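Dear colleague,

I am handing over the structure we spoke about, and I would be glad if you could look through it alongside the notes that follow. They deal with its enclosed spaces.

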Amino acid sequence: MGFWSSQGLAQVTAPTNSVANPDFVYGLLVAPSEGSFLAESAVKTRLGLISAIQSQIGLSQSHRGPAGVNAWFGGNVIALSMNNYPGFPNDPDIAITGTAGVDYTVAPGVIAGFALSRGSLDSSFGKYGSFNADDTSASLYAAVQHGSLWANVIGTYGRLGFDMNRIVPIGPTLHSNTSSSGGDNWSAALQGGYVFSSGTITHGPVLGLVYQSVSLDGFKETGDYTALEFGSQTRESSVSQLGYLAVYDLGKYQPYVEALWNHELADTGRDVSVQLISKALPALSMPAVLLGKDWGEAKAGVKIDVGKNLKLVLEANTDFGQTSTTLYGGQIGFNVSF
């Protein structure tokens, strides 16, 4: 980890005799990693949104109405826990996203669509504070199915907003520093595969790639002498996916399972910088939280023919095997054809 020079740290003295210097310095050292969770949570929640849209694409392709138009709505919930370096605050999150979309047939086997999403995330650093985030995004997507081959592509832009309350415990006192920030998340997702039919069971391999570029604006905290100014952040992600999907057709019900192995191709090693507002000291740059670059993903769900033109999807999913990360989620969606 990088840190201030010993001369710079020696100058960090609180302007009141009641404050213990070790607590003050600890608050400075952990702040960059706390701030890095803002970008990491945006990457994880966008992966959940893309998965939800991909589920709706599958529903739309399975039942087209005479007008060739499908409208849909889906809700997605994620319980996410990201662990920090030993001795640094961790970050458990709850994220909820709602998405509405519409698509239409542009050619036999080809659909194109548009979706709007709104997501919110509540995060906690325990006694060290919390942050709330929101993501308002728009997506364009297209999908093609030709015989046993299928593919889809999703492009999404989202505007991010964050409100953070970073608490610095100094002795018996808690020092609150509040801030707000914004940013952008651009993503492009490509997925495809091949379908084998074995009676009532269809199955086949799945390949995918998800690219994201998250940019966060710098921001200043409002508080006392522990308040900091955070530098801007950029987090790029390129996740490759390899897996297998199987669907069992029981008529009205179509249960399915999918397993994916994900690998982060991008360099995730980055630094986050902060600077003390109350003193003219050098900026402090520390490594962002570092998560595992490989993980598995398991999904199990059911598609239900509710009516002639209405389908419902219910799904539970989990990530496993990723160092410093635990994720559980679920989604529900409706899809109507016209």
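**Cavities and their linings**

In this predicted model, the lining of the second largest cavity draws at least two residues from each of helix 2, strand 2 (91–107), strand 3 (110–124), strand 4 (129–146) and strand 5 (149–170). Helix 2 gives the most to that lining, contributing five residues. By type, the lining of the second largest cavity consists of eight nonpolar, seven polar and three charged residues. The space inside the second largest cavity comes to about 170 Å³, and of the 18 residues that line it, T45, G119, S120, D134 and D135 are the closest to its centre.

The count of cavities of 30 Å³ or more comes to five, and the largest of them holds about 260 Å³ of space. Its lining is made up of 21 residues, among which L47, G48, S51, E297 and D319 lie nearest the centre of the cavity. At least two lining residues of the largest cavity come from each of helix 2 (21–62), strand 1 (69–82), strand 12 (253–264), strand 15 (294–305), strand 16 (310–320) and strand 17 (325–337).

Which element gives the most to the lining of the largest cavity? Here again the answer is helix 2, which supplies six residues, just as helix 2 gives the most to the lining of the second largest cavity. The lining of the largest cavity divides into seven nonpolar, nine polar and five charged residues.

With best regards

Note on methods
Residues are numbered from 1 along each chain as its sequence is written. This is a predicted model: local features need pLDDT of at least 70, side-chain atom pairs count only at pLDDT 80 or more; totals for chains, interfaces and linings use all residues. Side-chain values use heavy atoms; hydrogens and water are left out. On a 1 Å grid over the protein atoms alone, a cavity is a set of points where a 1.4 Å probe fits but cannot get out, and a pocket is an open set with protein on both sides within 12 Å along at least five of seven lines; lining residues have an atom within 4 Å of a point. Grid points are joined across faces, edges and corners, and a volume is the space filled by probe spheres set on the points. Helices (H or I, at least four residues) and strands (E, at least two) are DSSP runs, numbered from the N terminus. Ala, Val, Leu, Ile, Met, Phe, Trp, Tyr, Cys and Pro count as nonpolar, Asp, Glu, Lys and Arg as charged, and the others, Gly among them, as polar.
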